[in-house]
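Visitor: Could you take a close look at one aromatic residue in this structure and at what surrounds it? Please state the cut-off behind each term.

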Amino acid sequence: MTRPNAPESNVPNTIEQDFGGTRLIHLSGTLRAKAAVRNSDASGVDDLSIAAAESAMKDLSGDFQNWMGDEVNRLVAAFDEYRSNGPGKRDISNLFRAAHDIRGQASAFGYPLAAEIAGSLAKLLDKIEPDYLPVQLITHHVDAVRAVYRSQIRDYANPIAVQIIHNLNKAIDRVVEARAKALAEEQKIALGR
């Protein structure tokens, strides 16, 4: 359930969502709302500094778009490389690095949803051995990052994108749990129990 500006929140422009026992709170807003810069008399936000920062961000926005496109292409290429290798020869290092880089930088460049999806993919790659990774789940992550970029989905106000993120995270939790159970079972068999 999406509740813009929910009464529990004192922060304007927030979106809160409940997913069973989990509540997501997504903050949005301008640089001014997030600024901690004070003017010389400590009476508030330094408007000149904020204006200069917003202008600089606007000037760089084209570079951000190019950067994000390059990173998405790098993620897709790394996934294609992973998928082209057969079992026993799969290397996730380039795929993990691409996902990790998007996770760490996409929010700063205006793509917080892509950052969250890439973070989810990095978690999956970190938790499961390369030959046991579900290729279809990786495909869903890569396709979701691509869709967020292509559709210019830049905030958490898109309920479909947020639901996709939630579903991807649930799927990862199930995969990690299933793999842990399989490893425990293999260990029991190896020990002859």
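Guide: Tyr 111 counts as buried because its relative accessibility is 0%; buried denotes under 20% relative accessible area, exposed over 50% and partly exposed the range in between, with a 1.4 Å probe and protein chains only. The model is predicted, so local features need pLDDT of at least 70 and side-chain atom pairs count only at pLDDT 80 or more, whereas totals for chains, interfaces and linings use all residues. Residues are numbered from 1 along each chain as its sequence is written, and side-chain values use heavy atoms, leaving out hydrogens and water.

A search of the whole structure yields two aromatic pairs. In one of them, Tyr 111 and Tyr 149 are tilted, with 6.0 Å from centre to centre and 45 degrees between the planes. Rings of Phe, Tyr and Trp (its six-membered ring) pair if their centres lie within 6.5 Å; planes under 30 degrees apart are stacked, over 60 edge-to-face, and the rest tilted. Because Tyr 111 lies in the loop between H3 and helix H4 (112–127) and Tyr 149 in helix H5, the pair ties together parts that are 38 residues apart in sequence. Helices (H or I, at least four residues) and strands (E, at least two) are DSSP runs, numbered from the N terminus.

Tyr 111 also has a charged neighbour: Arg 154 lies over its face, 4.2 Å from the ring centre. A charge sits over a ring if NZ of Lys or CZ of Arg is within 6 Å of the ring centre and within 35 degrees of the ring normal. Arg 90 lies over the face of Tyr 82 at 5.1 Å from the ring centre.

Helix H5 (residues 135–150) also holds His 141, which is buried at a relative accessible area of 0%. The side chains of His 141 and Ser 120 share a polar contact of 2.8 Å, that is, a pair of N or O atoms within 3.5 Å; within protein, one must be able to donate a hydrogen and the other to accept it, and residues adjacent in sequence count only if both atoms are side-chain atoms. Leaving aside residues up to four places away in sequence, His 141 touches Ile 117, Ser 120, Leu 121, Leu 168 and Ile 172, where contact means heavy atoms within 4.5 Å.

On the other side of the loop, Leu 95, Ala 98, Ala 99 and Ile 102 are buried in H3. Seen down the axis of H3, the buried residues fall within an arc of 95 degrees, so they line one face of the helix; the arc is that of the directions from the helix axis to the C-beta atoms.
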